Amino acid sequence: MLRFLLVAGVALGAVACARGAPAECTDLTGTTPARVTMSDMAFDPACLSVRASQALTLVNVDAADHTFTIRGTSVDLDVEGERTVEVGSLAGEVPPGVYDLVCRYHPGMTGTITLT
Ligand SMILES: [Cu+2]
């Protein structure tokens, strides 16, 4: 019984971390536009906070194409290799919250985005 409780505790802790510990995330709410770089098959920053009303600049420095996909929302943007995409406000499209950020082409390319 004790072992079961310990396992459950670890699992809950992992979920809490995955859903975003804001202190470890990069706060871009004061930067306009907020800049996210896709480099070496990773989002940089991989954990970020932006205002929903804020413009975003997505910079892909890799030769490979990536997507900026906010899971569970309509935001699913293709960013071709070595291109920059400017994004207007996400307000109205995505309610405030904490979301998984993924690239549809590279399963290991993940992050967390908090919209305030
Ligand atoms: Cu990718």
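Strands here are DSSP runs of E at least two residues long, and helices are runs of H or I of at least four, both numbered from the N terminus. With that in hand, we can place Asp40: this residue sits in the loop between strand 2 and strand 3. We will come back to Asp40 after a look at the whole chain.

What you have in front of you is a predicted model. Its mean pLDDT is 86, and 80% of the residues reach 70 or more. The stretch to treat with care is residues 1–18, where the pLDDT is below 50 and where the model shows zero contacts beyond near neighbours in sequence. Where pLDDT is low, the predicted coordinates should not be read in detail.

Now for the overall layout. The protein has one helix and 10 strands, and the helix comes before the strands when you read from the N terminus. Of the contacts with a separation of 6 or more, 46% are between residues 24 or more positions apart.

Six of the strands make an open sheet with mixed pairing, and you can trace the sheet in the order 1-4-10-9-6-7. At its edges are strand 1 (26–27) and strand 7 (76–79), each of which pairs on one side only. Further in, strand 9 (residues 97–102) and strand 10 (residues 110–115) run antiparallel and share six bridges. To find this pairing on screen, start from Val102, whose bridge partner in strand 10 is Thr110.

Strand 6 and strand 7 are also antiparallel, joined by four bridges. Here a useful landmark is Phe68, which has Leu77 in strand 7 as its bridge partner. Five residues lie between the two strands of this hairpin, and Gly72 takes a positive phi near 85°.

What about the interior? In soluble globular proteins, nonpolar side chains tend to be buried together. In this protein of 116 residues, 25% count as buried. The largest nonpolar core has 20 residues, and the members that touch the most others are Val36, Val50, Leu58, Leu101 and Ile113. At least two core residues come from each of strand 2 (34–39), strand 4 (47–50), strand 5 (56–60), strand 6 (66–70), strand 9 and strand 10. Ile113 is a good residue to centre your view on: leaving aside neighbours within four places in sequence, it is in contact with Leu48, Val50, Ile70, Tyr99 and Leu101.

The loops hold some backbone details worth a look. Most residues other than glycine have a negative phi, and most peptide bonds are trans. Two prolines here follow cis bonds. The bond from Thr32 to Pro33 is cis, with omega near -10°, and Pro33 lies in the loop between strand 1 and strand 2. The bond from Asp44 to Pro45 is also cis, with omega near 0°; Pro45 belongs to the loop between strand 3 (42–44) and strand 4.

That brings us back to Asp40, which is not a glycine yet has a positive phi of about 50°. Is Asp40 buried or exposed? Asp40 counts as exposed because it has 9 C-beta neighbours inside 10 Å, and the cut-off for exposed is 12 or fewer. Glu82, in the loop between strand 7 and strand 8 (84–87), is not a glycine either and has a positive phi of about 55°. With 12 other C-beta atoms within 10 Å, Glu82 is therefore exposed too.

Notes: Residues are numbered from 1 along each chain as its sequence is written. Two strands pair if DSSP finds at least two bridges between them. pLDDT is the predictor's confidence in each residue, from 0 to 100. Two residues are in contact if their C-beta atoms, placed from the backbone, lie within 7 Å. A nonpolar core is a set of buried Ala, Val, Leu, Ile, Met, Phe, Trp, Tyr and Cys residues joined through C-beta atoms within 7 Å.
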